[in-house]
Amino acid sequence: MTTLITGGNGSLANSLKAYIDGDYYGKDMLDVTDRNCIRNLQTYDVLIHTATGNRAINNNLPLLFSKAKKYLLSLVSREHL
């Protein structure tokens with residue numbers, strides 16, 4: 001099973017590293033505000049989205065979610081929306 005964790009440098013993703021074997025992509029490796037970066041991703045079995053949200057990221061979520069068979073989201077505060 002292949003797993004992608006966005007926000008790979010954040011505290012939630014760092015905590016998951018002890019439990020989940022997967023690709024941990026921070027913004028230095030995956031710019032989720034850039035649709036072309038997302039399009040170039042392989043398809044994963046599971047996506048765990050822990051990246052902090054902003055409008056540019058939120059606008060690309062449907063494309064990001066299309067890159068996984070199943071996905072899980074972390075909640076962000078409204079100030080990031």
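## A four-stranded parallel sheet

Strand S1 and strand S3 (residues 44-49) run parallel and are joined by four bridges. One of the facing pairs between them sets threonine 3 opposite valine 46 in S3. From S1 the chain passes through helix H1 (residues 11-16) to reach S2, and this β-α-β crossover is right-handed.

The structure is a predicted model, in which the protein chain has an average pLDDT of 88, with 91% of the residues scoring at least 70. Residues 77-81, however, have a pLDDT below 50, and this stretch makes seven contacts in the model beyond near neighbours in sequence.

Taken as a whole, the sheet is open and is formed by four strands in the order S2-S1-S3-S4, with parallel pairing. At its edges lie strand S2 (23-25) and strand S4 (68-73), each of which pairs on one side only, while the twist from one strand to the next averages 20°.

Strand S1 (residues 3-6) also pairs with S2, in the parallel sense and over three bridges. The residues of S1 that have a named partner across the sheet are set out below.

| Residue in S1 | Opposite residue | Strand of the partner |
|---|---|---|
| Threonine 3 | Valine 46 | S3 |
| Leucine 4 | Aspartate 23 | S2 |
| Isoleucine 5 | Tyrosine 24 | S2 |

In a regular strand, side chains alternate between the two faces of the sheet. In S1, Thr3 and Ile5 lie on one side and Leu4 and Thr6 on the other, and since all of them are buried, both faces of this strand are covered.

Conventions
Residues numbered from 1 in each chain as written. Predicted model: local features only at pLDDT ≥ 70, side-chain atom pairs only at ≥ 80, totals over all residues. Heavy atoms only, no water. pLDDT = per-residue confidence, 0-100. Contact = heavy atoms within 4.5 Å. Pairing = 2+ DSSP bridges. Helix = DSSP H or I, 4+ residues; strand = E, 2+ residues; numbered from the N terminus. Axes fitted to C-alpha atoms, helices over the stretch in contact; angles between N-to-C directions. Buried < 20%, exposed > 50% of the residue type's maximum accessible area, 1.4 Å probe, protein only. Right-handed = clockwise from strand over helix to strand, strands pointing away.
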